Amino acid sequence: QVQLVESGGGLVEAGGSLRLSCAASGRAFSNYLMGWFRQAPGKEREFVAAISWNSGTTRYADSVKGRFTISRDNAKTMVYLQMNSPNPEDTGVYYCALDRARLGPTVPRNREEWYDFWGQGTQVTVSS
């Protein structure tokens, strides 16, 4: 069984920075594509960023491109989301997720139905 545990959320001022972490256990983490999603109050969960198993490719939602950076450390079985210059629209619960397919596609997936395992989420609140 895979376990994903997010951390690093909290309250941040607009224009500041925050780094989210996700610790993975229970599977050969290094063989799987990882993603970050978020859910704002009253809205559906949406894609934020994803990274291939070997960090060779990344993919971002247009709303965060140029501000957020996804990275991973396979030796530590960790994935990160560096959030720079967040704005109040970035407020929500952030989830990390592990793709269902070993190695996965070259272009990381941005649809949640392709991810089989999810963390419990970490709250991010951006104040204006």
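**Exercise 1. Find out which partners the side chain of Arg72 has, given that Arg72 is buried yet has no salt bridge.**

Step 1: fix the terms. Buried means under 20% relative accessible area, exposed means over 50%, and partly exposed is in between (1.4 Å probe, protein chains only). A salt bridge needs a side-chain nitrogen of Lys or Arg within 4 Å of a carboxyl oxygen of Asp or Glu. For charge, Lys and Arg count as positive and Asp and Glu as negative, while His and the chain ends are not counted.

Step 2: note what you're working with. This is a predicted model, where local features need pLDDT of at least 70, side-chain atom pairs count only at pLDDT 80 or more, and totals for chains, interfaces and linings use all residues. Residues are numbered from 1 along each chain as its sequence is written, and side-chain values use heavy atoms, with hydrogens and water left out.

Step 3: look for the opposite charge. The nearest side chain of that kind is Asp73, 8.3 Å away from Arg72.

Step 4: place the residue. Arg72 lies in strand E7, residues 68-73. (Helices, H or I, of at least four residues and strands, E, of at least two are DSSP runs numbered from the N terminus.)

Step 5: check backbone oxygens. The Arg72 side chain reaches that of Phe29 at 3.0 Å, and that of Ser52 at 3.0 Å too. These are polar contacts: N or O atoms within 3.5 Å, where within protein one must be able to donate a hydrogen and the other to accept it, and residues adjacent in sequence count only if both atoms are side-chain atoms.

Step 6: check rings. The charged end of Arg72 sits over the ring of Phe29, 4.4 Å from its centre. The test here is NZ of Lys or CZ of Arg within 6 Å of the ring centre and within 35 degrees of the ring normal.

Step 7: list neighbours. Leaving out residues up to four places away in sequence, Arg72 touches a set including Tyr32, Met34, Trp53 and Val79; contact means heavy atoms within 4.5 Å.

**Exercise 2. Go through three of the salt bridges and say where their partners sit.**

Step 1: get the total. The structure holds 8 salt bridges.

Step 2: take Asp90 and Arg38. Their closest N and O atoms are 2.8 Å apart. The pair links distant parts of the chain, with Asp90 in the loop between strand E8 (78-84) and strand E9 (92-102), and Arg38 in strand E4 (residues 32-39), 52 residues apart. Both Asp90 and Arg38 are buried.

Step 3: take Asp99 and Arg109. Here the closest N and O atoms are 2.8 Å apart. Asp99 is in strand E9 and Arg109 in the loop between E9 and strand E10 (115-118), 10 residues apart. Asp99 is at 0% relative accessibility, so it counts as buried. Arg109 is buried as well, at 14%.

Step 4: take Asp116 and Arg100. The closest N and O atoms lie 3.4 Å apart. The pair joins strand E10 (Asp116) to strand E9 (Arg100), 16 residues apart. Asp116 is partly exposed because its relative accessibility is 40%, and Arg100 is partly exposed at 41%.

Step 5: look for shared partners. Salt bridges that share partners join Arg38, Glu46, Arg67 and Asp90 into one network.

**Exercise 3. Work out the geometry of Phe37 and Tyr115, then see which cluster they belong to.**

Step 1: set the cut-offs. Rings of Phe, Tyr and Trp (its six-membered ring) pair if their centres lie within 6.5 Å; planes under 30 degrees apart count as stacked, over 60 as edge-to-face and the rest as tilted.

Step 2: count. The whole structure has 4 aromatic pairs.

Step 3: classify. The ring centres of Phe37 and Tyr115 are 5.1 Å apart and the planes are at 75°, so this pair is edge-to-face. Phe37 is in strand E4 and Tyr115 in strand E10, 78 residues apart. Both Phe37 and Tyr115 are buried.

Step 4: widen the view. Phe37, Phe47, Tyr115 and Trp118 form one aromatic cluster. Arg45 lies over the face of Trp118, at 3.8 Å from the ring centre.

**Exercise 4. Check the positive phi values of Thr77 and Leu103.**

Step 1: recall the background. Most residues other than glycine have a negative phi, and most peptide bonds are trans.

Step 2: take Thr77. Its phi is positive, about 50°. Thr77 lies in the loop between E7 and E8, and is partly exposed at 25%.

Step 3: take Leu103. Its phi is near 70°. Leu103 lies in the loop between E9 and E10, and at 29% relative accessibility counts as partly exposed.
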